[in-house]
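I set out to record what can be read from this structure, beginning with the chain and then turning to backbone geometry and helix packing.

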Amino acid sequence: MSQRLIHRFFVALLVSAVSAPGTSAQRIDAQVQFYSDGAMPDCRFRPWGMAWREQHGGVGAGGKCLWFNFDWKARPWAGATFQRIDKTGVKLDRAWIERGFVRFYVNGGPDRYGFLGGGVELQLRPAGPNLRYQHLRSRFVGRGRGFDEDPATWQEVLVPLSFWTDLKEGQVLTGVHIQCRGEPVRAFGLDEVAFVRLAKRPEWLTAKPAQDAAQPWVKWPKYDDLPDTLKADQHPPKVVNGRFVWPDGQRVFILNPYCREDPRIDLWGTTREGECAPNHGLYDPNVHGWIYRDLPTAQSLCRLGFNSYSATMPPVPWWRAVGYKREDRGASAERLPGFYKRVKLPFYVDMVAWPWTLGAPNSPKVTNLSADTFTQGRQHWTPYRIIGKGSETWLALWRLYARRYRDAGVPVLIFELMNEPAYVGLSNDHRAEFVDRLKQRYRSLDRLNRVWRTEFASWGEAANIEDERELKKIPGRFFDYDEYLADRFTELIARGVGAVTEILPNALVGVQTMGGYAMRPREAVWKYRFVKHETVVLTPTGGGRWTSGYSCANPPASLLDGPIAPAPIENDLLLALADTKMIYDNETYLRGQTATEVRNRLWEQVVAGLDGLTVFSWSKRGWAWWGDRAKVQTEADKFPYSNLNPLARRTEALRGIHDFAREVQPLADRILRKPWGPKPAIALLYDWAQARWMSLETNAPDKTRAYYAALKYTHWNFGLVPSDRAMDGALRQYDVLVMGGVAHIEREMLPVLEAFVRAGGVLVVGEEPFNRDLYGRELSTAGFLGVDLGKPRKRKNAFVRIRNPTLDSVLPGAVRITAGLKAARVLPGADVVMTDDAGAPVVTRKRLGKGVVFFQAADVVGYSLAKVLWAILADAASFRGPAMPSQWRLAEVRNAADGQLATNVLLSRRSYPTHHALLLMNRDAYDKRIVIRLAGLSGRWRVTDALDRKPMRGPNGPVWSGREISAGVPLSIKGGHPAVIILELIRPVE
């Protein structure tokens, strides 16, 4: 959005009171206000982690409201507290619990680049005893509509107090905490914060969730009518040479539900046979009882589309091993052999997380484990140390359960060693080892003090870390200690993989990290280090982070002002780390309430490079069903991933799993085989020094993501290259290297980059001059880049002047600079390639040896950045020949109507000796008619729309020539839908 549109947004904000709805036309019986035209008397307003101001506007005409993050520099998990100073508030009684609400108004503003959309991700909790934050669900916003993009409206948020199920009569709520989830990327406003008690619950709050919940008309094929590819019990998948295959050796996509090993608790809320909670009218037992009430069988799992079973183990075997005496009221450990005979499918063994599976035998007071077994310091589900007796305990745990599945005769596809670990152990044995590490690395205290910028008098003083807060005060110590822990964690994982593989030689073994940990190594969990020992690469929780971005409901009026969609950066990073290993997501969260939405969601995972997934979570959370229907609704609101709760996920949506499996399995052998081509010609550097620095400076802008999205959605033939691989020689295979917003690099990278350019490489550097190392020490890079940078300049109505006018046919429009431009002083030997409209340098170029270095100084994102990068690469290509090298492009994806770039079309090209597979996703909500062009093909080809199972006719019949394919293959792709196009070589010579 331009500066003009940003101005219009804030003007709309100031006059938006007329558009603010009331409390759903409901009579308010009682209320306690905390903010209304300013903080209420005797109330305290306390923001944290972000800029804020009070300004005119908001809900009441002529009133005031609060505006946050207007400078777009908020720290992750920033928020605000609204609370009574005298600790009075609402004393809960039955009426308040049943008809009370947290109410406020919210207005989602622009991000720093002017884009609207996506809402504000918030979580909140009342200020009261032992209450947890709960994610703000979209159905509580705007009368159930969710966040809109209209700056003229303040949307009412109405969250029932019953959402917090621990509330009891007599408790006092003194205020409310409203917090951002993760790092907020946009400005936003809050107003009219209060507790209200309504005369009755609003109709929209109860009517919409209840509408068509049971859906008895949704049908599945009978088992006998399934295609052979879905009858996995008759030919179960297995692992051969590290690949998921059918018994005949053909590739298979692994698909299973997340369950307990004993699923009675999931379904019934009890282990008493034959007892099933009321269905509350949410499913028809005669039609869908086989899904929601009956225990899984081989036939029911196959009908649903699954070919394996993800099982979390019961805790009793481990409790017995460590002498933990506690009654097990959950899954039975003795049912495993009989249950496997029932489902007949191989297992994914899921360590899930403490305490949900193995309980809490984490103290010498309750077990026979000694005190030096247990972690001292902050940890996330790693209660045992990763060294000494703790590491032996981990190995004993893994061996125990591996033998258990082996002895029960259960085939295991994947064995998960850990789930979401994080570890900052600070025990004496760790600190003693850290001293040895420091001596080996630095050799002398003087050198350590120079790097850390400290004045320690002894090695022991340098390693004397009492708590984590003390650890973080010195960046050098923080980074070195984490690396020491990461090395020890990697050693433990290597031993664990070996121990399990010895017992289960056909199982793949890996670790599931928390979300984002593959991209930002921290807290001992460095995926890029221990991935070398994993035999399967498990994605972080949630399947891998995507870039920030927004889809469009309608074609944008201006291509460059339109948003760019999210892109799967962490998945592509995992592809780079995995090499030929399988990539698996054990927590795929479904989206949508229709079969089509779920089918499209699962295809999204295939396009992102996965070889299998677990649908999370296959549970009714059955204990809630023994109450009333309102409790079932609350469970659905709090845990929307409970896919067997029809209020969280409609029955029709489950049918989408079957539909996806029916499509993907016949294609698996043609689209999943690794490795696939074409070999990337362009590299995007993913630098670990930069990534690690951001674990310390958490609100630093991550521009690598923006450069990734810009390259991804303009379909360059590029791959992510981690910096450790670059320093090992990986850059030799690339023509171009892009560094987007990299401020910190390893010192060892400098000679690698210079050698790459001098040998003929093209280096494109965006915005940051990589002039600091991991420890914040200065690096000299100005002479190499050809520019010396000053502070960013903010200029109103600044445009980028691109000298090559032919680019407007691909990405028309002017690139507007709204967020800043680095002041670049051009050094001798460098040329200016692009300027702003005032003549300030935007892109410079310097020849070095046989290669060239470009520097891009504008803070831009999205398709504006894509256009700048396209122009840079076109300029770089001119040094090599008369045309852009075909190997630099994956494909050209254009609009059929005007020949311009088709925006927000995600493409994964997978090329093999006999065929090419093009996997596409239309990330926008509107249908598109596109043309796909592949250059460099010769011979005769058969082109198939694989999802429609229809051959595509060429200009001269059913067979296409290479020239016809380069001219364009037309395709219609619906909004939000995938497409798979297969080009099969039938005759090598034309």
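**Entry 1: the chain overall**

I looked up the contacts between residues at least 6 apart in sequence, and 77% of them join residues at least 24 apart. I note here that the model is predicted.

I then took the secondary structure and found 26 helices and 45 strands in the chain. The radius of gyration is 29 Å, close to the 30 Å that the globule rule gives for 990 residues, so I recorded the chain as being as compact as a globular protein of that length. Along the principal axes, the C-alpha atoms fill a box of roughly 80 × 75 × 70 Å.

Next I checked burial and surface. Of the 990 residues, 62% are buried. The chain exposes about 37300 Å², and 49% of this area is supplied by carbon and sulfur atoms.

**Entry 2: cis peptide bonds**

Most peptide bonds are trans. I therefore searched for cis bonds, given that background.

I recorded a cis bond from F616 to S617, with omega near 5 degrees. S617 lies in the loop between β25 (612-616) and α18 (629-638).

I also recorded a cis bond from G677 to P678, where omega is near -5 degrees. P678 belongs to the loop between α19 (651-671) and β26 (682-686).

**Entry 3: positive phi**

Most residues other than glycine have a negative phi. I looked for residues that depart from this pattern.

Q215 has a phi near 50 degrees, a positive value in a residue other than glycine. I located Q215 in the loop between α3 (203-210) and β14 (238-240). Is Q215 buried or exposed? Its relative accessible area is 6%, and the cut-off for burial is under 20%, so I entered Q215 as buried.

H715 has a phi near 65 degrees, again a positive value in a residue other than glycine. I placed H715 in the loop between α21 (703-712) and β27 (718-722). With a relative accessibility of 1%, H715 counts as buried.

**Entry 4: α21 against α25**

Two packed helices are described by the angle between their axes and the distance between the axes. I looked up both values for each of the pairs below.

Helix α21, which precedes the loop of H715, was taken with helix α25 (residues 862-877). Their axes come within 8 Å and cross at roughly 70 degrees. Angles of 65 to 115 degrees count as roughly perpendicular, so I classed α21 as roughly perpendicular to α25.

Which residues make the contact? From α21 I listed A706, Y707, A710 and L711, and from α25 G862, L865, A866 and L869. The residues of this contact divide into seven nonpolar, one polar and no charged.

**Entry 5: α10 against α11**

Helix α10 (residues 428-442) and helix α11 (residues 445-452) pack at an angle of about 90 degrees, and their axes are 9 Å apart. I therefore entered α10 as roughly perpendicular to α11.

On the α10 side I found F434, L438, R441 and Y442, which meet R447, L448, V451 and W452 in α11. How do the residues of the contact of α10 with α11 divide into nonpolar, polar and charged? I recorded six nonpolar, no polar and two charged.

How values were computed:
Residues numbered from 1 in each chain as written. Predicted model: local features only at pLDDT ≥ 70, side-chain atom pairs only at ≥ 80, totals over all residues. Heavy atoms only, no water. Axes fitted to C-alpha atoms, helices over the stretch in contact; angles between N-to-C directions. Helix = DSSP H or I, 4+ residues; strand = E, 2+ residues; numbered from the N terminus. Parallel < 35°, antiparallel > 145°, perpendicular 65-115°, else oblique. Contact = heavy atoms within 4.5 Å. Nonpolar A, V, L, I, M, F, W, Y, C, P; charged D, E, K, R; others polar. Rg over C-alpha atoms; globule rule 2.2 N^0.38 Å. Buried < 20%, exposed > 50% of the residue type's maximum accessible area, 1.4 Å probe, protein only. Areas by Shrake-Rupley, 256 points an atom, 1.4 Å probe, with all protein chains shown as cover.
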